[in-house]
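Thanks for coming, everyone. I'll walk you through one structure, region by region. Have a look at it first.

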Amino acid sequence: MQRYPRNMTGYGATPPAADWPNGAKIAISLVLNYEEGGENCLLHGDAASEAFLSDIPGAAPWPGMRHWNMESIYDYGARAGFWRLHRLFTGRGVPVTIFGVASALARSPEQVAAMQSAGWEIASHGLKWVEHRDMPEEEERAAIAEAIRLHTEVTGAPPRGWYTGRCSANTVRLVAETGQFDWISDTYDDDLPHWMEFGSRDQLILPYTLEANDMRFATAPGWVTGRDFEDYLTDAFDTLYDEGTAGAPKMLSIGLHCRLVGRPGKIAGLMRFLDHAMSHDGVWFATRGQIARHWATHHPHKRFERPSQMDRDAFVARFGGIYEHSPWVAEAAHGLELGPAHDSAVGLAHAMARAFRSGSDDARMQVLRAHPDLAGKLAAAKRLTPESTAEQSSAGLDALTDDERATFQRLNTAYVEKHGFPFIIAVRDNTKDSILAAFHTRIDNDSATEFATACAQVERIGALRLMDMLP
């Protein structure tokens, strides 16, 4: 059984109405990453110096050596950049979420006191600002536990939000399994919060950003001047604000670092952006915790039986009748690479259509022949499947006059004699009159054309049936 875990469907074409407080058109989450003192460094027990997100061009780790210049750049973030940003945000009265590396927070008591005095949310950014991609699962689990312990010791309260950043494929699952977090931000997959299921845990995800992020001052392609950053943030804000005005409010996350945007030539762009955003009505500046509480209240998670997670027997029992008396289609669909994209009516209809199309001509012919005549003898004898009964009833085929019934029976007989299978049409897409019109037109087609047409109609019938069963 092949299963594909990535969810590339999300909310699709119809995202939920965010219903931000006071009818806000956009929610803005300002995130300040506090990593200074938690980066790779021999003083921290690491094997090499830090090389990530600094103003040193082409920086590389120095194995077994301290990198004095790199350390001093991180020191700038704590010594000067943080306080410049602190003055900016407290002066404008905007809330901030800190992504705090636990070991960095432990080395910065004055900054932590300032964060708490300002009422900022302090979420966990892991134990150390290091790469986790090759970290064994048990080691990462232990690091998460130690991050929670140290964060609680340093701040006086356990973290309610989490973002690792340089994460592994296991990170989000391991963090969710602790059951301790209102939100996790180690995804970049949406403009709105969403839920993920990990066993019995329903975990709220607040997607983060690597593009509306000052890290691009230190990466290529990236920002050169503060105005570059300002222009990008302004364009992102204006686009999302217009979407919110049109009735589809979203969330804008902005990622910041003390040692990057905390520099005077860079922070000027952030200042001008804040002036722009704050000049608009209907803008909700919020911590990630506030956004999470709003979403959990207004958009609680609702579980349903997911086709991609069902075993073969349960899957066939549930969906074996979608294609009339032809459970082999469901059996073949279950063997495909199913995933979250197939847990909706549209997605599963696509998988079942693929399975049907992969069948031989003889197998598909048997599916066509399994369909009943429209308003035929089986209907009169009440021997149709419940699905077919409801479908024929929807077009009034269960309430025909004697003349109408005779017409259908005559056409049924002529059609089967010519083509070798019953006339098939997605009744729920039609009326009695349009069905009769299609009957008169299609009966004159050649059988190859009718075979292809009937197969397409079978797929459509299956899709409509699934819409009654799945979101």
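One definition before we start: helices and strands here are DSSP runs, with at least four residues for a helix and at least two for a strand, numbered from the N terminus. Keep in mind that this is a predicted model.

With that numbering, start near the front. Asp19 sits in the segment before strand E1, which spans 26–34. Its phi is positive, about 55°, although Asp19 is not a glycine. Is Asp19 buried, partly exposed or exposed? The cut-offs are under 20% relative accessible area for buried and over 50% for exposed. Asp19 has 45%, so it counts as partly exposed.

His325 makes a good companion. Phi of His325 is also positive, near 50°, and again the residue is not a glycine. Look for His325 in the loop between H9 and H10. His325 has a relative accessible area of 59%, so this residue is exposed.

Now helix H3, residues 109–117. Gln111, Val112, Ala114 and Met115 are buried there. Why do they sit on the same side of H3? Because they cover an arc of only 160° around the axis. What do these buried residues pack against? The list is E1, helix H1 (68–92), strand E2 (97–100), helix H2 (102–106), strand E3 (121–124) and helix H4 (137–155). Turn to the face directed away from the buried side. That face carries the exposed residues Pro109, Glu110 and Ser117. Just after H3 comes Gly119, with a positive phi of about 75°.

Next, the cores. The largest nonpolar core has 48 residues. Which of them touch the most other members? Phe319, Tyr323, Met352, Leu368 and Leu466 do. Several helices each supply at least two residues of this core: H9 (312–319), H10 (327–334), H11 (345–357), H12 (361–370), H15 (402–419), H16 (432–442) and H17 (447–467). Another core lies apart from that one, with 47 residues, among them Ile28, Leu85, Phe89 and Val112. You met Val112 a moment ago, as one of the buried residues of H3.

Let's zoom in on Tyr323. Leave out residues up to four places away in sequence. Tyr323 then touches Val329, Met352, Ala353, Phe356, Val367, Val458, Glu459 and Gly462.

Two alanines in this region are worth a stop. Ala463 is in helix H17. With 13% relative accessibility, Ala463 counts as buried. His350 is 113 residues away from Ala463 along the chain, yet their C-alpha atoms are separated by 8.1 Å. The other is Ala414, in helix H15. Ala414 is partly exposed, at 33% relative accessibility. From Ala414 to Ile443 it is 29 residues in sequence, and 7.9 Å in space, C-alpha to C-alpha.

On to empty space. Rolling a probe the size of a water molecule over the atoms shows where space is left.

Pockets first. How much volume does the largest pocket have? About 1,700 Å³. It is lined by 48 residues, and the closest to its centre are Asn7, Trp195, Met196, Arg306 and Pro340. Helix H5 (171–177) and strand E6 (194–198) each supply at least two residues of that lining. E6 gives the largest share, five residues. By class, the lining has 20 nonpolar, 16 polar and 12 charged residues.

The second largest pocket holds about 370 Å³. Its lining has 23 residues, with Glu50, Phe52, Trp129, Glu131 and Arg166 nearest the centre. They divide into 11 nonpolar, seven polar and five charged.

Now cavities. How many of 30 Å³ or more turn up in the whole structure? Three. The largest cavity has a volume of about 140 Å³. Of its 15 lining residues, Leu374, Glu391, Ile425, Val427 and Ile461 are closest to the centre. Nine of the lining residues are nonpolar, three are polar and three are charged. H14 and H17 each supply at least two of them.

That brings us to H14, residues 386–394. Ser388, Glu391 and Gln392 are buried in this helix. Seen down the axis of H14, the buried residues fall within an arc of 95°, so they line one face of the helix. And Glu391 is the residue to remember here: it is buried in H14, and it is among the residues closest to the centre of the largest cavity.

Over to you for questions.

Conventions:
Residues are numbered from 1 along each chain as its sequence is written. This is a predicted model: local features need pLDDT of at least 70, side-chain atom pairs count only at pLDDT 80 or more; totals for chains, interfaces and linings use all residues. Side-chain values use heavy atoms; hydrogens and water are left out. Buried means under 20% relative accessible area, exposed over 50%, partly exposed in between (1.4 Å probe, protein chains only). The arc is that of the directions from the helix axis to the C-beta atoms. On a 1 Å grid over the protein atoms alone, a cavity is a set of points where a 1.4 Å probe fits but cannot get out, and a pocket is an open set with protein on both sides within 12 Å along at least five of seven lines; lining residues have an atom within 4 Å of a point. Grid points are joined across faces, edges and corners, and a volume is the space filled by probe spheres set on the points. Ala, Val, Leu, Ile, Met, Phe, Trp, Tyr, Cys and Pro count as nonpolar, Asp, Glu, Lys and Arg as charged, and the others, Gly among them, as polar. A nonpolar core is a set of buried Ala, Val, Leu, Ile, Met, Phe, Trp, Tyr and Cys residues joined through side-chain atoms within 4.5 Å. Contact means heavy atoms within 4.5 Å.
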